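Student: I would like to go through this model with you, starting with its charged side chains. Could you take me through them?

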Amino acid sequence: MTLGRYMAKEFSTRGIRVNSISPGSTRTRIADDAFERFPEVVPALAAKTALGRVGEPDDIGMMIAALLSEESRWVTAQNIEVSGGYNL
């Protein structure tokens, strides 16, 4: 987060925005397909998430796309948690 803020300040003179994403538990192939190999952990993670499920890659991708869009032109130096409300 500190690095993102520093970079946002440093690159702002060139019109470059810097933001970061902090994803929650997301069903990906990371850790050798851990969710596929250990499906018993999914219900416990989903139970700790306000939206009641683990994330999908598109959940993260859509936020990245939104940050890249013109609608987010005034957003910089932010860390955005995309976790479905994990641990609320």
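Tutor: Certainly. This is a predicted model. In it, R27 and E56 form a salt bridge, with 3.1 Å between the closest N and O atoms.

Student: Which parts of the chain does the R27 and E56 pair tie together?

Tutor: R27 sits in the loop between β1 (19–23) and α2 (30–37), while E56 belongs to the loop between α3 (41–47) and α4 (57–68), so the pair links parts that are 29 residues apart in sequence.

Student: And is R27 buried or exposed?

Tutor: Neither: R27 is partly exposed, its relative accessible area being 28%. Its partner E56 is also partly exposed, at 31% relative accessibility.

Student: How many salt bridges does the count come to?

Tutor: The count comes to 4 salt bridges. One of them joins the side chains of D59 and R53, at 2.8 Å from N to O.

Student: What about the accessibility of D59 and R53?

Tutor: D59 has a relative accessible area of 28% and is partly exposed. R53 counts as partly exposed as well, at 40%.

Student: Which residue does E70 pair with?

Tutor: E70 forms a salt bridge with R73, and the closest N and O atoms are 3.7 Å apart. Here E70 counts as exposed, at 53% relative accessibility. R73 is likewise exposed, at 55%. The cut-off for that label is over 50%.

Student: Staying with charges, how far apart are the mean positions of the positive and negative ones?

Tutor: They are 8 Å apart, taken over 10 positive and 11 negative charges of the chain.

Student: Changing topic, what is the secondary structure?

Tutor: The chain has 4 helices and 2 strands. Read from the N terminus, the order is α-β-α-α-α-β.

Student: What is the radius of gyration, set against a compact globule?

Tutor: The chain has a radius of gyration of 16 Å, whereas a compact globule of 88 residues would have one near 12 Å. Along the principal axes, the C-alpha atoms fill a box of roughly 50 × 25 × 25 Å.

Student: What share of the residues is buried?

Tutor: Buried residues account for 19% of the 88 residues. The chain exposes about 6600 Å², of which carbon and sulfur atoms supply 58%.

Student: Lastly, what share of the contacts joins residues at least 24 apart?

Tutor: The share is 68%, counted among contacts between residues at least 6 apart in sequence.

Note on methods:
Residues numbered from 1 in each chain as written. Predicted model: local features only at pLDDT ≥ 70, side-chain atom pairs only at ≥ 80, totals over all residues. Heavy atoms only, no water. Rg over C-alpha atoms; globule rule 2.2 N^0.38 Å. Buried < 20%, exposed > 50% of the residue type's maximum accessible area, 1.4 Å probe, protein only. Contact = heavy atoms within 4.5 Å. Areas by Shrake-Rupley, 256 points an atom, 1.4 Å probe, with all protein chains shown as cover. Lys, Arg positive; Asp, Glu negative; His and termini not counted. Charge placed at Lys NZ, Arg CZ, Asp CG, Glu CD.
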